[in-house]
Amino acid sequence: MDTVKTIKEVREYIKQWRRQGLSVALVPTMGYLHDGHKSLVERASKENHRVIVSIFVNPTQFGPNEDLDTYPRDLEHDKKVCESAGASLIFNPEPSEMYFDDRCTNVEVEGLTNGLCGAKRPGHFSGVCTVVSKLFNIVTPDRAYFGEKDAQQLAVIKRMVRDLSFDIEIVGCPIVREKDGLAKSSRNIYLSKEERQEALSLNRSLRRAKKRLKDGERDTNIIKKAIEEEINKETLSKIDYIEIINSEDLKPVEKIEKTVLIAIAVFIGKTRLIDNFTFEMEEK
Ligand code: AMP
């Protein structure tokens, strides 16, 4: 498994593979890979002949006060994960390979990016959609794999692919968790021992919400309150948002009548973590 740093090299690989009639998958990541990323690569390599994993800490999706400079990196570890999961190639460009100094084009997905992380992280999805579009144009994959952990991102990318007629199938993959329920994240490394313990409140609060829903509760305010109470039991935690939204258009709902996404973001100390689940309703 090779690691390349230029667009030209990626395109050479793609050309060769296409000549042989092979299918190609892309798994975009920011590196510091864990079992969540690994599950995407494994699935991609089961469903495609060749898998490219991009490892790029994309500066344009970070806000001015976010963790771009401290974002964890470990390429040697990432290579091992990719190799063991069946990847064919790592694309690990420098920012200067991806961005011209005088670039003036961005991809904006409107509406779906108004709430949740879009509201809390201005410019984030513009950065994500632009870099993912570039990766799609560089790799021209048949399929691209994204985690349901970033549920809004997955919905936004699906809409972008539809709206811009990218000929790419977007595959969503389930959230991979630690044994104690915490969703795996590269950012979990930031947590102190105490914070790591507190971070369990994200999953615990969602499980509490799920139980209320299963018991028949349909009022979003009551469900939100249950989540809030659970998180506020902790001392180092600060809720960024708790949202219950339609899983298609990501608009807030008051009464739960159709399939909804329950998504939360919580600061544990300085570390911002997200989690979510989808509650499927039988359509009447
Ligand atoms: P990141 O490196 O955080 O940008 O994530 C790269 C991809 O891995 C995204 O599609 C994420 O949704 C996905 N991902 C991250 N964490 C998990 C997880 N715990 N389970 C499943 N997918 C994940």
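**Exercise 1. The hairpin**

How many residues lie between β8 and β9 in their hairpin, and which residue in the turn has a positive phi?

*Solution.* The model used in these exercises is a predicted one. Begin with the two strands, β8 at residues 260–268 and β9 at residues 271–279. They run antiparallel and are joined by 9 bridges, and the hairpin they form has 2 residues between the strands. At the turn end, Ile268 of β8 has Thr271 of β9 as its bridge partner, while elsewhere along the pair Ala263 is matched with Asn276 in β9. The turn residue with a positive phi is Gly269, at about 60 degrees.

**Exercise 2. The sheet around the hairpin**

Work out the order of the strands in the sheet that contains β8, and state which strands stand at its edges.

*Solution.* The first step is to look at the other partner of β8, which is strand β7, residues 237–246. These two strands run antiparallel and are joined by 9 bridges; among the facing pairs, Ser237 stands opposite Ile268, and Lys238 stands opposite Phe267. Ile268 therefore appears in two pairings, with Ser237 of β7 on one hand and with Thr271 of β9 on the other.

The second step is to put the pairs together, which gives an open sheet of 3 strands in the order β7-β8-β9, with antiparallel pairing. β7 and β9 each have a single partner strand, so each is left with one side that has no neighbour in the sheet. On average, neighbouring strands of this sheet are turned by 15 degrees against each other, with direction ignored.

The last step concerns burial, for which the cut-off is a relative accessible area under 20%. In β8, 8 of the 9 residues are buried, and in β7 the count is 7 of 10.

**Exercise 3. The parallel sheet**

Find the order of the sheet of 6 strands, and explain why β1 and β6 each have one side without a neighbour.

*Solution.* This open sheet has the order β1-β4-β3-β2-β5-β6, and its pairing is parallel. β1 (2–4) and β6 (169–173) stand at the edges with a single partner strand each, and that is why one side of each lacks a neighbour in the sheet. From one strand to the next, the twist averages 25 degrees. For one pair inside this order, take β3 (residues 50–55) and β4 (residues 89–91), which run parallel and are joined by 3 bridges; here Val53 stands opposite Ile90 in β4.

**Exercise 4. Two loop residues with positive phi**

Decide whether Thr140 and Leu250 are buried or partly exposed, and say where each is placed.

*Solution.* Thr140 lies in the loop between α6 (124–139) and β5, and its phi is positive, about 45 degrees, although this residue is not a glycine. With a relative accessible area of 40%, Thr140 is partly exposed. Leu250 is placed in the loop between β7 and β8, and the phi of this non-glycine residue is also a positive value, near 60 degrees. Leu250 has a relative accessibility of 10% and therefore counts as buried.

A further step leads to Val139, which lies in helix α6 and is buried, with a relative accessible area of 0%. Val139 and Arg11 are 128 residues apart in sequence, yet their C-alpha atoms are 6.8 Å apart in space.

**Exercise 5. The ligand and its shell**

Describe which residues surround the ligand, and identify polar atoms of the protein that lie 2.9 Å or 2.6 Å from its oxygen atoms.

*Solution.* Start with the shell, which consists of 17 residues, the closest being His37, Gly147, Asp150, Val176 and Lys184. By class, 8 of the shell residues are nonpolar, 6 are polar and 3 are charged. β2 (24–29), α2 (35–47) and β5 (143–147) each supply at least two of them, and α2 gives the most, with 3 residues.

Next, consider the contacts one by one. A polar backbone atom of Met30 is 2.9 Å from an oxygen atom of the ligand, and a polar side-chain atom of His37 also lies 2.9 Å from a ligand oxygen. For Asp150, an N or O atom of the side chain is 2.6 Å from an oxygen atom of the ligand. Finally, of the 490 Å² of accessible area that the ligand has on its own, the protein covers 92%.

Key: Residues numbered from 1 in each chain as written. Predicted model: local features only at pLDDT ≥ 70, side-chain atom pairs only at ≥ 80, totals over all residues. Heavy atoms only, no water. Near = heavy atom within 4 Å. Polar contact = N/O pair within 3.5 Å; in protein donor to acceptor, adjacent residues only side chain to side chain. Areas by Shrake-Rupley, 256 points an atom, 1.4 Å probe, with all protein chains shown as cover. Helix = DSSP H or I, 4+ residues; strand = E, 2+ residues; numbered from the N terminus. Nonpolar A, V, L, I, M, F, W, Y, C, P; charged D, E, K, R; others polar. Buried < 20%, exposed > 50% of the residue type's maximum accessible area, 1.4 Å probe, protein only. Pairing = 2+ DSSP bridges. Axes fitted to C-alpha atoms, helices over the stretch in contact; angles between N-to-C directions.
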